[in-house]
Amino acid sequence: MCSVISGLRPAQRALAATLRIRTITEGSRYAAAESRRFCPGGSLGTDPLRATSRSYCTSMAGLLFRQLFESESSTYTYLLADTETRDAILIDPVLETIDRDLKLIRELELNLKVAVNTHCHADHITSTGLMKKRSVGLKSAISKFSGASADIFLSEGDKITFGKHYLTVRETPGHTDGCVSLVSGDQRMVFTGDALLIRGCGRTDFQQGCAKKLYESVHQKIFTLPDHCLIYPAHDYLGQTVSTVGEERKFNPRLTKNLEEFVNIMNNLNLPKPKKIDISVPANLVCGVHQV
């Protein structure tokens with residue numbers, strides 16, 4: 001560009017330089033706009049709703065993150081890995097998508113270390129047991145209060161490590177006795193299972209469900225996280241992918257009520273039982289297979 005401009009007359013050089021500066025400026029503005037669009041939220045204010053713009057930008061250095069979806073049960077499966085060591089963990093894998101998940105793990109050249117279930121699911125069968133047979137060295141993990149089989153039994157404060165990263169276990173019973181939420185080391189992400197959904201929460205009318213326990217779990221273990229902490233639930237039925245602690249604390253139609261109102265809401269949902277509960281729960285109690 002400089003060699004082209006130098007061969008022009010003075011007036012033409014001035015015009016060309018002006019156009020060049022304008023092009024660079026406009027290009028920079030476009031690049032900045034695109035950066036804000038796909039990885040927004042570079043600076044967080046005090047308004048918790050500003051954190052919603054961080055939905056698709058996990059800025060933890062060296063973290064690979066994938067959110068995967070199973071359509072029949074509307075289940076989210078989460079893959080996290082250290083980009084240096086390639087060590088990875090998988091959260092809430094589903095039997096029907098085992099081939100997809102293992103294919104992705106192979107393509108990304110990851111070493112899958114732990115497959116963890118946030119609770120004993122009633123609407124789908126976990127793939128952890130079968131995945132162990134197909135992935136050398138893989139261990140399964142679930143809460144010690146779940147009553148289910150696993151290699152690792154999780155308790156409050158335990159850390160699930162993968163490379164230099166880790167998730168910390170917070171016990172969040174109420175949907176079931178064995179529900180846990182998993183918080184990233186920098187508290188920018190929390191995987192809430194069925195305890196807290198986007199503008200909702202898990203039901204409390206079966207599998208040791210208790211509305212009072214759930215209310216206390218969410219308020220004491222999840223709503224105490226920073227407003228900007230991204231919430232990744234185990235399910236969503238409306239196409240929503242992520243929320244924040246600040247959003248749910250302000251807008252969740254159930255958990256913004258007081259305890260008495262919340263218990264009344266949960267006791268009067270009158271929902272049909274999950275279609276697969278009779279086969280899912282017995283299977284999930286043995287890691288998704290009858291021999292693990």
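1. A pocket, as the word is used here, is an open set of grid points where a 1.4 Å probe fits, with protein on both sides within 12 Å along at least five of seven lines. In this predicted model, the largest pocket holds about 720 Å³ of space. It is lined by 29 residues, and the closest to its centre are Ser73, Asp123, Arg203, His235 and Tyr237. By residue class, the lining of the largest pocket splits into 11 nonpolar, eight polar and 10 charged residues.

2. On the chain as a whole: it has 292 residues, and 48% of them are buried. Its secondary structure comes to eight helices and 14 strands. Among contacts with a separation of 6 or more, 62% are between residues 24 or more positions apart.

3. Strand 5 (residues 139-143) deserves a separate point. Four of its five residues are buried, so strand 5 is largely enclosed by the rest of the structure. The cut-off behind that statement is a relative accessible area under 20%. The chain reaches strand 5 from strand 4 by way of helix 4 (residues 128-134), and this β-α-β crossover is right-handed.

4. Which strands pair with strand 5? Strand 4 (residues 111-116) is one of them, parallel to strand 5 and joined to it over three bridges. Within this pair, Ala115 stands opposite Ser140 of strand 5. Strand 6 (residues 152-154) also runs parallel to strand 5, again with three bridges. Here Ala141 has Ile152 of strand 6 as its bridge partner. As background, strands of a sheet pair through backbone hydrogen bonds, either parallel or antiparallel.

5. There is an open sheet of six strands in the order 7-8-9-10-13-14, and its pairing is mixed. Strand 7 (159-162) and strand 14 (243-244) are at the edges; each has a single partner strand, so one side of each is left without a neighbour in the sheet. The partner of strand 14 is strand 13 (residues 230-233), and the two pair in the antiparallel sense over two bridges. One position to look at in this pair is Ile231, whose bridge partner in strand 14 is Ser243.

6. Two backbone angles should be checked by eye. Most residues other than glycine have a negative phi. Asp92 is not a glycine, yet its phi is positive, at about 55°. Asp92 lies in the loop between strand 3 (87-91) and helix 3 (98-107). Is Asp92 buried or exposed? Asp92 is buried, because its relative accessible area is 1%, and the cut-off for buried is under 20%.

7. The second angle belongs to Glu109, a residue other than glycine with a positive phi near 55°. Glu109 is placed in the loop between helix 3 and strand 4. Unlike the buried Asp92, Glu109 counts as exposed, since its relative accessibility is 60% and exposed means over 50%.

8. A last point concerns Glu260, which is in helix 7 (residues 259-266). The relative accessible area of Glu260 is 67%, so this residue is exposed. Glu260 and Ala211 are 49 residues apart in sequence, while their C-alpha atoms are 9.6 Å apart in space.

Definitions and conventions. Residues numbered from 1 in each chain as written. Predicted model: local features only at pLDDT ≥ 70, side-chain atom pairs only at ≥ 80, totals over all residues. Heavy atoms only, no water. 1 Å grid on protein atoms, 1.4 Å probe; cavity = no way out; pocket = protein on both sides within 12 Å on 5 of 7 lines; lining within 4 Å. Points joined across faces, edges and corners; volume = space filled by probe spheres on them. Nonpolar A, V, L, I, M, F, W, Y, C, P; charged D, E, K, R; others polar. Buried < 20%, exposed > 50% of the residue type's maximum accessible area, 1.4 Å probe, protein only. Pairing = 2+ DSSP bridges. Right-handed = clockwise from strand over helix to strand, strands pointing away. Contact = heavy atoms within 4.5 Å.
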